[in-house]
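Visitor: Could you take me on a close look at the pockets and the greasy surface of this one? I'd like one connected tour.

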Amino acid sequence: MGSSTIGFLFLGAYVVLVGGATFLQKFTMDTLSPYQINFLMAISMLVTAVPALWFKQGNLSLPMQALPL
C-alpha cells in the first residue's frame with residue numbers, strides 16, 4: 001500500500017469522523033458545554049494528526065520551515 005493510499009485513508013476517516021461529530025453535536029449540546037465539545041474535537045484532531053505525521057515524515061518532529069505557513 002503506497003503512502004498516498006494511506007493518506008487518502010486518513011483523509012477519508014477524518015471526513016467521516018468530522019461529519020459524524022457535526023451531526024451528533026446537535027444532540028450533545030444538551031449535556032455538554034461548547035468548551036467540552038471543543039476539547040473532544042481537539043483530542044480527535046490530535047489522534048488523527050499524530051499517525052499522519054508519523055507516516056509522512058517517519059518521526060514526530062514538527063517541520064519548522066513550514067510552521068509559519
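Guide: Here is a walk through the two pockets, the nonpolar patch and a couple of residues beyond them.

A bit of housekeeping comes from the record: this is a predicted model, where local features need pLDDT of at least 70, side-chain atom pairs count only at pLDDT 80 or more, and totals for chains, interfaces and linings use all residues. Residues are numbered from 1 along each chain as its sequence is written, and side-chain values use heavy atoms, with hydrogens and water left out.

Let's begin with the largest pocket, which has a volume of about 260 Å³. A pocket here is an open set of points on a 1 Å grid over the protein atoms alone, where a 1.4 Å probe fits, with protein on both sides within 12 Å along at least five of seven lines; lining residues have an atom within 4 Å of a point. The volume is the space filled by probe spheres set on the points, which are joined across faces, edges and corners.

Fourteen residues is the count for the lining, written as 14 in the tally, and Ala 21, Ile 37, Leu 40, Met 41 and Ser 44 lie nearest the centre. H1 and H2 are the elements that give two or more residues to this lining, and H1 gives the most, with seven. Helices are DSSP runs (H or I, at least four residues), numbered from the N terminus. By class, the lining has 10 nonpolar, four polar and no charged residues; Ala, Val, Leu, Ile, Met, Phe, Trp, Tyr, Cys and Pro count as nonpolar, Asp, Glu, Lys and Arg as charged, and the others, Gly among them, as polar.

The second largest pocket holds about 160 Å³ of space. Its lining includes Ser 3, Phe 10, Leu 11, Tyr 14, Phe 55 and Lys 56. H1 supplies the largest share here, six residues, and the lining divides into six nonpolar, three polar and one charged.

Now for the greasy outside: Phe 8, Leu 11, Tyr 14, Val 15, Val 18, Met 41 and Met 45 make a nonpolar surface patch of about 620 Å². Such a patch takes nonpolar side chains (Val, Leu, Ile, Met, Phe, Trp, Tyr) joined within 5 Å, from residues with over 30% relative accessible area and no salt bridge. Helix H1 (3-28) and helix H2 (34-57) each supply at least two of its residues, with five from H1.

Met 41 sits in helix H2 and counts as partly exposed because its relative accessibility is 30% (buried is under 20%, exposed over 50%, partly exposed in between, with a 1.4 Å probe and protein chains only). Ala 49, also in H2, is partly exposed at 41%, and its C-alpha is 26 Å from that of Phe 27.

Finally, Asn 59 is in the segment after H2 and is partly exposed at 34%.

How values were computed
Patch = residues over 30% accessible without salt bridge, like charges linked within 9 Å, V, L, I, M, F, W, Y side chains within 5 Å. Areas by Shrake-Rupley, 256 points an atom, 1.4 Å probe, with all protein chains shown as cover. Salt bridge = Lys/Arg side-chain N within 4 Å of Asp/Glu carboxyl O.
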